[in-house]
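Here is a quick tour for anyone meeting this structure for the first time. Have a look at the picture below, then read on.

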Amino acid sequence: MLEINKFTNHILKDISFSLKEEEHLIILGANGAGKSTLAKVLSTLISNDKVKLFNEEVNSLSDEKRARFINYIPPKLEIFDEYITLYEFLELSFIEKINRKKLEEIISLLKLEKIKNRACNDLSSGEKQLLLLASSIIHNAKITIFDELTANMDITRVQEAFLIFNSKYLQQKIIITHNLDLAFHLKYKILYLEEGEVKFFGQSKEFFSKEILSKFYQNCLKVVDGHLVVKL
Ligand SMILES: Nc1ncnc2c1ncn2[C@@H]1O[C@H](COP(=O)(O)OP(=O)(O)OP(=O)(O)O)[C@@H](O)[C@H]1O
């Protein structure tokens, strides 16, 4: 369960909403709308006293509890040690002691066997994002926020990520994306930000209605036979 109540800073304006346990969310909005800033507020990377996680004030949580409650996955992998391998990075993703069986299972799930001993710095952008996805599954926080996880993935990898989002590998998910097709098919609740303000918070079905699509995306998008079509 997550709540944010009247949060304002120089980017976000009067943000309030809540999610029940196991309720997933997609955050949409144009470049610079404030999506990543909101994710950092929710995950307390930007410290604040307006967020509650599972009925507890975030600034009263111990580091360990916060790590169990919420995990922010940034758009780019930042590595503190340039020689660390993918396998070693995943070992460090366990909150408790390393479970090698689970580690191998996740490596196999994401088809990372061939690159598991490669230095993280040498991975391609898409491979780094797969590593972040694997790491988030291993970490297994109660809420995981993905900030543009699929941006550099090829189409088959986006499909794999979609299947993982729809599986039980992760608990509650908050996904920031510019991939409207992914957002459409996941059918999660939608929050739409515009210039730091929440302009829509509600069900997917309502968001992807003709009226709301034309309001936020003018005539660029429409739903045809259950598929989202982009007019270029
Ligand atoms: N540390 C900062 N100091 C000043 N301005 C910032 C800072 N971080 C972000 N901004 C500005 O705040 C606005 C929102 O940024 P944010 O990264 O949250 O947007 P976003 O919706 O995630 O964008 P995108 O879709 O392009 O990733 C942008 O105009 C950005 O330049």
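## A helix across a sheet

Which strands does H1 lie across, and at about what angle does H1 run to S7? In this predicted model, H1 lies across S3, S6, S7, S8 and S9. Its direction is at about 155 degrees to S7, which covers residues 143-147.

Those strands belong to an open sheet of six, and its order reads S6-S7-S8-S3-S9-S10. The pairing in this sheet is mixed. At the edges you'll find S6 (70-73) and S10 (197-202), and each of them pairs on one side only. From one strand to the next, the twist averages 15 degrees.

Let's zoom in on one pair. S3 (residues 25-29) and S8 (residues 172-176) run parallel and share three bridges. One spot to look for is Leu25, whose bridge partner in S8 is Ile174.

## The second sheet

There's another open sheet here, made of four strands in the order S2-S1-S4-S5. Its pairing is antiparallel. S2 (15-19) and S5 (56-57) each have a single partner strand, so one side of each has no neighbour in the sheet.

Within this sheet, three bridges link S1 to S4 (residues 51-53), and the two pair in the antiparallel sense. Leu2 sits opposite Leu53 in S4. H1 turns up here too: the helix lies across S1, S2 and S4, and runs at about 115 degrees to S1.

## Around the ligand

Which residues surround the ligand? They are Ile11, Gly29, Asn31, Gly32, Ala33, Gly34, Lys35, Ser36 and Thr37. By type, this shell has two nonpolar residues, six polar ones and one charged.

Helix H1 comes back into the story at this point. Spanning residues 35-42, H1 gives the largest share of the shell, namely three residues.

## Backbone oddities

A bit of background helps here. Most residues other than glycine have a negative phi. Lys6 goes the other way, with a positive phi near 55 degrees. You can find Lys6 in strand S1, which covers residues 2-7. Is Lys6 buried or exposed? Lys6 counts as exposed because there are 9 C-beta neighbours inside 10 Å, and the cut-off for exposed is 12 or fewer.

Glu148 is another case, since this residue is not a glycine yet has a positive phi of about 55 degrees. Glu148 is in the loop between S7 and helix H6 (155-165). With 19 C-beta neighbours inside 10 Å, Glu148 counts as partly exposed, because 20 or more would be needed for buried.

## The domain and the hairpin

Now for what the record says. UniProt, in an unreviewed entry, places the feature "domain: ABC transporter" at residues 2-220. Over that stretch, the chain is 35% helix and 21% strand. The C-alpha atoms at the two ends of residues 2-220 are 33 Å apart.

Further along the chain, S11 (residues 221-224) and S12 (residues 227-230) run antiparallel and are joined by four bridges. Val224 has His227 as its bridge partner in S12. Two residues lie between the strands of this hairpin, and Asp225 takes a positive phi near 50 degrees there.

Methods:
Residues are numbered from 1 along each chain as its sequence is written. This is a predicted model: local features need pLDDT of at least 70, side-chain atom pairs count only at pLDDT 80 or more; totals for chains, interfaces and linings use all residues. A residue is near a molecule or strand if its C-beta atom, placed from the backbone, lies within 6 Å of it. Ala, Val, Leu, Ile, Met, Phe, Trp, Tyr, Cys and Pro count as nonpolar, Asp, Glu, Lys and Arg as charged, and the others, Gly among them, as polar. Two strands pair if DSSP finds at least two bridges between them. Axes are lines fitted to C-alpha atoms, for helices over the stretch in contact, and angles run from 0 to 180 degrees between N-to-C directions. Two residues are in contact if their C-beta atoms, placed from the backbone, lie within 7 Å. UniProt positions are given in the numbering used here, feature names are shortened, and annotations may be inferred rather than shown by experiment.
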